[in-house]
Amino acid sequence: MKKSFSKVNSVNGELNLTGDKSISHRAIIFSAMASGKSSIANLSQGHDIISTLVMMHNLGAGVITKNRSVIISGLGYKGFEAPSSELFCGNSGTTARLVSGLLAAQNFSSQLTGDESLSKRPMKRVIEPLMKMGAQFTTIENYTLPFSINPAKKLVNITYEMSVASAQVKSAILIAGLHLEDEAIVIEKDKTRDHTELMLGLPVKAEDEKIISSSSLKYYPAAKEYFIPGDISTSAFHIVLTLLTNNSEIKINNVSLNPTRTGFIELLKQMGADIRYEDVKYSSNEPYGNVFVKSSNLRNVKIDSEIITNIIDEIPILAIAGIFAEGNFEIRNAKELRVKESDRIKSLCYNLNLLGLEVEEYEDGFLISGEIKNLKITFESFGDHRIAMAFSILSMLLKNGGEVNDFECVNISNPKFEEQINSIIN
Ligand code: S3P
């Protein structure tokens with residue numbers, strides 16, 4: 001479905017966002033692994049989350065949803081039941097990779113499948129360490145979905161130095177590790193989002209490298225009451241729209257402020273953005289609070305390679321901020337963008353070229369310079385929710401507005417996107 005967006009002059013108001021996608025996936029999986037009833041309030045409404053919910057249901061967990069809340073009757077982490085058919089992960093890489101760690105430890109076989117985009121994404125990164133732990137996978141040649149996971153004779157301990165900076169891979173190993181009498185140890189050089197270790201309360205040693213361990217001996221799979229803070233990655237779109245429109249000011253309530261996710265806010269602040277936090281609280285060890293944003297003049301700054309992992313999901317919308325900031329916008333060391341829901345370097349460069357900007361594409365990033373020359377453009381979403389939302393925000397900043405093709409993919413992370421934007425437009 002093609003969607004048109006008109007120029008927005010200013011935004012104003014208050015937002016309550018649906019729950020963070022990464023935290024929601026984990027709350028569902030950890031609740032299904034626990035014994036008894038867990039409640040999860042303010043769950044993400046994204047279709048990716050439905051993939052995880054349906055999967056836990058197909059593995060025997062009880063799932064009752066009511067508006068933004070869900071009650072999960074967990075089976076205890078050894079009580080999962082063999083699924084009666086293949087387990088479909090939809091578009092969700094987080095579902096596929098986290099659940100691989102869980103299924104590797106079960107005494108039944110299962111088959112994971114995904115949609116067209118997910119079936120192209122790399123899975124060797126998660127299969128390889130799990131196989132080192134003794135997991136049994138039957139895969140096709142290039143290790144992509146679909147694949148089968150068969151019962152392991154015995155899972156064994158592992159000390160794994162991460163070869164790609166991936167929270168999903170780290171989480172899969174740690175979740176498999178919860179089934180060991182010995183331990184799974186993950187060593188991270190580039191620190192990725194830490195929801196798994198925080199929410200499970202896993203032992204962490206952090207010096208230059210971060211060392212996280214998991215074991216059945218220190219794991220008490222108790223049912224919990226979760227509150228999922230608002231999705232910080234979703235907030236990036238509202239924040240950038242506010243910064244770039246005149247006389248604008250918004251407050252976003254109860255949004256996740258996990259430091260492994262706030263990199264884009266720190267970067268925007270370095271660029272001159274007026275953003276501040278207030279009233280920081282904690283839920284399941286996860287910090288959250290209210291975020292205040294005001295219109296600001298931005299200038300581009302050098303983006304350090306160390307921050308890339310932290311801002312990886314926000315790069316599409318940061319690039320839009322970069323177009324309107326003084327100076328040129330350049331991202332390097334971000335090759336991981338090529339294996340997200342679309343090849344985001346290609347998707348971004350394609351759309352930026354439509355604007356008549358000067359765009360130089362690199363294997364690990366891109367450089368944007370020059371001025372917008374073309375107005376009234378139809379952008380391509382490439383079926384990628386973050387590309388669709390980024391270019392809808394850009395359309396709202398153009399004199400003649402703009403259009404985005406296949407806009408329905410925003411439902412992957414935020415079906416409420418348009419409703420939220422409409423509620424703050426003046
Ligand atoms: C996620 C981790 C990141 C991120 C994705 C969600 C998670 O992926 O891009 O949107 O919830 O663990 P990688 O861990 O593959 O980098």
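In the predicted model, a backbone N or O atom of Ala167 lies 2.7 Å from an oxygen atom of the ligand, a polar contact being a pair of N or O atoms within 3.5 Å. A polar side-chain atom of Ser166 lies 3.1 Å from a ligand oxygen atom, and an N or O atom in the side chain of Lys340 is 2.7 Å from an oxygen atom of the ligand. The residues around the ligand, those with a heavy atom within 4 Å of it, also include Arg26, Arg97, Gln168 and Asp313. The structure is a predicted model, in which local features need pLDDT of at least 70 and side-chain atom pairs count only at pLDDT 80 or more, whereas totals for chains, interfaces and linings use all residues. Residues are numbered from 1 along each chain as its sequence is written, and side-chain values use heavy atoms, with hydrogens and water left out.

Helix H4 (residues 124-132) and helix H5 (residues 167-177), helices being DSSP runs of H or I with at least four residues, numbered from the N terminus, have axes that come within 9 Å and cross at roughly 25°, the axes being lines fitted to C-alpha atoms over the stretch in contact and the angles running from 0 to 180 degrees between N-to-C directions. H4 is therefore roughly parallel to H5, a term that covers angles under 35 degrees. The contact, defined by heavy atoms within 4.5 Å, is made by Arg125, Val126, Pro129 and Leu130 of H4 together with Val169, Ala172, Ile173 and Ala176 of H5.

Note on methods. A polar contact is a pair of N or O atoms within 3.5 Å; within protein, one must be able to donate a hydrogen and the other to accept it, and residues adjacent in sequence count only if both atoms are side-chain atoms. Helices (H or I, at least four residues) and strands (E, at least two) are DSSP runs, numbered from the N terminus. Angles under 35 degrees count as roughly parallel, over 145 as roughly antiparallel, 65 to 115 as roughly perpendicular and the rest as oblique.
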